[in-house]
Amino acid sequence: MILERDVPVLAAPMAGGISTPELVAAVGSAGGFGFLAAGYATKSAVAEQVLETRKHTEDFGVNLFVPGPRSGADLGPYRERIAAQAARFGARAGEPVWNDDEYAAKVDLVVAERVPVVSFTFGCPDESTVDRLHDVDTEVVVTVTTPEEAQQAARAGADMLCVQGAEAGGHRGCFTDDAVSAGGGPLYGLLPALRAVRAEVDLPLIAAGGLVRGEDVAGVLSAGAVAAQLGTAFLVCDEAGTGPAQRAEIAAGERETVLTRSFTGRPARGLRNRFIDENEAFAPAAYPEINQLTKPLRAAASAEGDPEALSLWAGQAYRQARAMPAADLVRRLRDEARDAMAQARTRL
Ligand SMILES: Cc1cc2nc3c(=O)[nH]c(=O)nc-3n(C[C@H](O)[C@H](O)[C@H](O)COP(=O)(O)O)c2cc1C
């Protein structure tokens, strides 16, 4: 369970093959807490990862994507754009079809497996799902980006909230995409988000977004969070399944991060590249349809190692991410946080 860990540092779930059982195990071995990412993966692949992780640790989490509604948007024009760009790689556009990410089956799996912690993003699980998880003593975490989402999650029975600031790498966990602002709703930075959520909801809060060093962990603990969840910092660790192009672009540190809907139809933060520049203005709010549409193009770009058409998810502080074994990073974060706390005390 999260609050029982020695180090209040969580390795964020990172879908798409990045959160490996090895990463989760390494973080746990140093006293932190790791999540597997069930999003995009098949139920059987998640089952295998759970099994593999259990060879190393009993204390870990699984993250699920809550399915949203089908998009009513006309996807035709965007489909034509993407088809033309895919052709540059000798690829086709994917079929922009909706799917539920095997959500119900994955909920059944984590209940049957009695996974200690289950976190949700892209929406709020219903009360009956939360009850089923509580019946097997699973701790339920819901990702929120606004105080309104926090209230909804609290009503559904969440045990903890993961408060995600707009600095965060990867997809925003917002429950709905307002289809107007690229951010998909109000863009709270992490500290204001923590403050606003705390004013409304009395649950333990995990802080996420733009945290890469122990000083940052100390900062959010001081702000009232019980733990810090880091994605980008672990993305470059040895055990992460991050591809070579993404690692190289992060190490180079030459690109700005932007929020974009162009790759998946949902706002996500990543390194700006040609694909975003060419498509952002035209991308409909249609997740997961747009994710399906761009998948073959991204796979082809990945095979060619072309960073200009890949989704290079990364948070705003990515330039300070340090490549090293994950257990070393957890220990380093703990030591830095302790030093930062002591240093801060001298100023007060
Ligand atoms: C590559 C990548 C993949 C991510 N995948 C997921 C995911 O599957 N589920 C989820 O809840 N959050 C996901 N996130 C968001 C993280 O949970 C977290 O909010 C974010 O990484 C925090 O910001 P940081 O990257 O600046 O540390 C992802 C983030 C990144 C960078």
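In the predicted model, the ligand is surrounded by 23 residues, of which Pro13, Asn63, Gly210, Gly231 and Thr232 come nearest. By class, this shell comprises twelve nonpolar and eleven polar residues, with no charged residue present.

Polar contacts to the ligand involve both side-chain and backbone atoms of the protein. A nitrogen atom of the ligand lies 2.8 Å from an N or O atom in the side chain of Asn63, a residue that also belongs to the group coming nearest to the ligand. An oxygen atom of the ligand is placed 3.1 Å from an N or O atom in the side chain of Gln164. For Gly169, a polar backbone atom is found 3.3 Å from an oxygen atom of the ligand. The ligand taken alone exposes 600 Å², and 96% of that area is buried by the protein. Two or more residues of the surrounding shell are contributed by each of the strands β3 (61-65) and β9 (227-230) and by helix α9 (232-235).

Internal space was also examined. One cavity of 30 Å³ or more was counted, and the largest cavity holds about 40 Å³ of space. Its lining is formed by Gln85, Arg88, Phe89, Arg274, Phe275, Glu278, Leu297, Glu308 and Ala309. Helix α11 (residues 274-279) gives the most to this lining, with three residues. In terms of residue class, the lining of the largest cavity contains four nonpolar, one polar and four charged residues, whereas the shell around the ligand has no charged residues.

Definitions and conventions
Residues numbered from 1 in each chain as written. Predicted model: local features only at pLDDT ≥ 70, side-chain atom pairs only at ≥ 80, totals over all residues. Heavy atoms only, no water. 1 Å grid on protein atoms, 1.4 Å probe; cavity = no way out; pocket = protein on both sides within 12 Å on 5 of 7 lines; lining within 4 Å. Points joined across faces, edges and corners; volume = space filled by probe spheres on them. Helix = DSSP H or I, 4+ residues; strand = E, 2+ residues; numbered from the N terminus. Nonpolar A, V, L, I, M, F, W, Y, C, P; charged D, E, K, R; others polar. Near = heavy atom within 4 Å. Polar contact = N/O pair within 3.5 Å; in protein donor to acceptor, adjacent residues only side chain to side chain. Areas by Shrake-Rupley, 256 points an atom, 1.4 Å probe, with all protein chains shown as cover.
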